[in-house]
Each structure stands twice: as C-alpha cells, then as structure tokens.
Amino acid sequence: ATGTAANAVDEVHLAIFRLQVTVTTLERRIEHLSEQADAAQSRALVVQKRRQSTLAINYLKLRNMRRIEIDRTSDTLLNVEQSLQTLQRTRADAEVVRAYKLAGEAMKTVRKSEEEGGWGINADAVRDASDELAELTEEVNETSAALESMGVDNDAGAFSDEELMQELESLEEVDDLTDALGRVGLEENGDAEEAEQVTTPKVANLDAESGKEDD
C-alpha cells in the first residue's frame, strides 16, 4: 500500500512538471508568433511603399495566419493552465486529507494505554495524575511545616540580646579610651617639638657669641 501511494505521488508530481513545461513552451510559441506577425505587417508596409501591392497583401495574409495561430495556441494554453491549477488544487486537498489522517492516528496513539503502545492520556489518567500531584504537594507542605516547627539552632541565636548589648557597650568604651589615648599622645608630641624648636635657636646663639670672643 505504501509503495502504491508513493507511486501515485510520483505520478502526480510528474504530471504537474509536464504541465508546467507545456505552459512555458506555449508561452514561448505565442511570443514567437507575435514577433512573426509584427514582422509580416512591417514588411507589408515597406513593400507597399514600393508599389508592390501583391507582395504586401501576401505579407498581410501571413500576419493573419500568425494571429489565427496565436489565438489557437492561447486557447490551448488556457486549457493547460486550467488543468495544471486543478491538479495542483487536488494535490493540496490530498495533502490536507493525509494530514487529517495522521492527526487522527496520532490522537488515537495518545489515548491508547501504555500496554497498547500509547501514552495513556485520557480523562481517568488526567484525574489520577491530578490526585497524585495533590497528594505530593500536601506531603511537601507537611514536611516544610514540620521543619519550621523544629527550629534551627545557629551561632547567632546562642547569645541573648542583653548579652550582645553589654558586649557592644564594652566595645564602645574601649574605642573611646583608644581615641583619648591617641589625642594625649598627639598633644605630648606637639609639646616636645615646640620645646625643641625653642631650645635650638638659643644654643645656636651661644655658639655664635663664643666664636666672637675667641676672635
């Protein structure tokens, strides 16, 4: 059956291809005939100016013959294009039908039980899955509630707020004392530098006076 269907598809594609080629061939023929008809008319005018009336009439007859052939070819082209359009529409309809069939088979497979090679998706399966999910969700919520009720000990909770406040006050006192000692040290250093600046000039003056006495 599969081979027969494949052969049918190949035949349809081949028919469409041949019709498309025929359309192209007829279009080119009409174009060529039109060029010949125009050339015959132009030639008739040329020879008529030379007073060759008989030859001019023959060229006009040739033009008319080409135009008649153009009309016949145009009718044939129309029929071929209609056949091509009909075949293409039929192929499209066949593809749609095949798609519907495949969709139906797929839905059947989904609804079949797993034992039958399907997915087992039906109303009962949906209800069972929903109930199972609800049970699992309830178990998870109960587990979370149990963990929250137990509480978790950690290092931060090992000390009371009162003990931490006392430690904070002690740290503040140590910090204030450190700042005070730092300021005292800076003041002592400042006094020592000032005393050194005052003593140094005096010593320099004494040395200068001693030099003058020696002279």
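Leaving aside its neighbours within four places in sequence, T73 is in contact (heavy atoms within 4.5 Å) with L26, R29, I30 and L33. The model is predicted, so that local features need pLDDT of at least 70 and side-chain atom pairs count only at pLDDT 80 or more, while totals for chains, interfaces and linings use all residues. Residues are numbered from 1 along each chain as its sequence is written, and side-chain values use heavy atoms, with hydrogens and water left out.

T73 lies in helix 2, where helices are DSSP runs of H or I with at least four residues, numbered from the N terminus. T73 counts as buried, at 4% relative accessibility, since buried means under 20% relative accessible area, exposed over 50%, and partly exposed in between, with a 1.4 Å probe and protein chains only. The side chain of T73 also reaches the backbone oxygen of E69 at 2.8 Å.

The largest nonpolar core, a set of buried Ala, Val, Leu, Ile, Met, Phe, Trp, Tyr and Cys residues joined through side-chain atoms within 4.5 Å, has 10 residues: I16, L19, V23, L26, I30, L33, I70, L77, V80 and L84. Helix 1 (2–49) and helix 2 (53–111) each supply at least two residues of this core, and the largest share, six residues, comes from helix 1. One core member, L84, is in contact with I16, L19, Q20 and V23, when neighbours within four places in sequence are left aside.

Turning to helix 1 again, V21 is found there and is partly exposed, with a relative accessible area of 38%.

Definitions and conventions. Polar contact = N/O pair within 3.5 Å; in protein donor to acceptor, adjacent residues only side chain to side chain.
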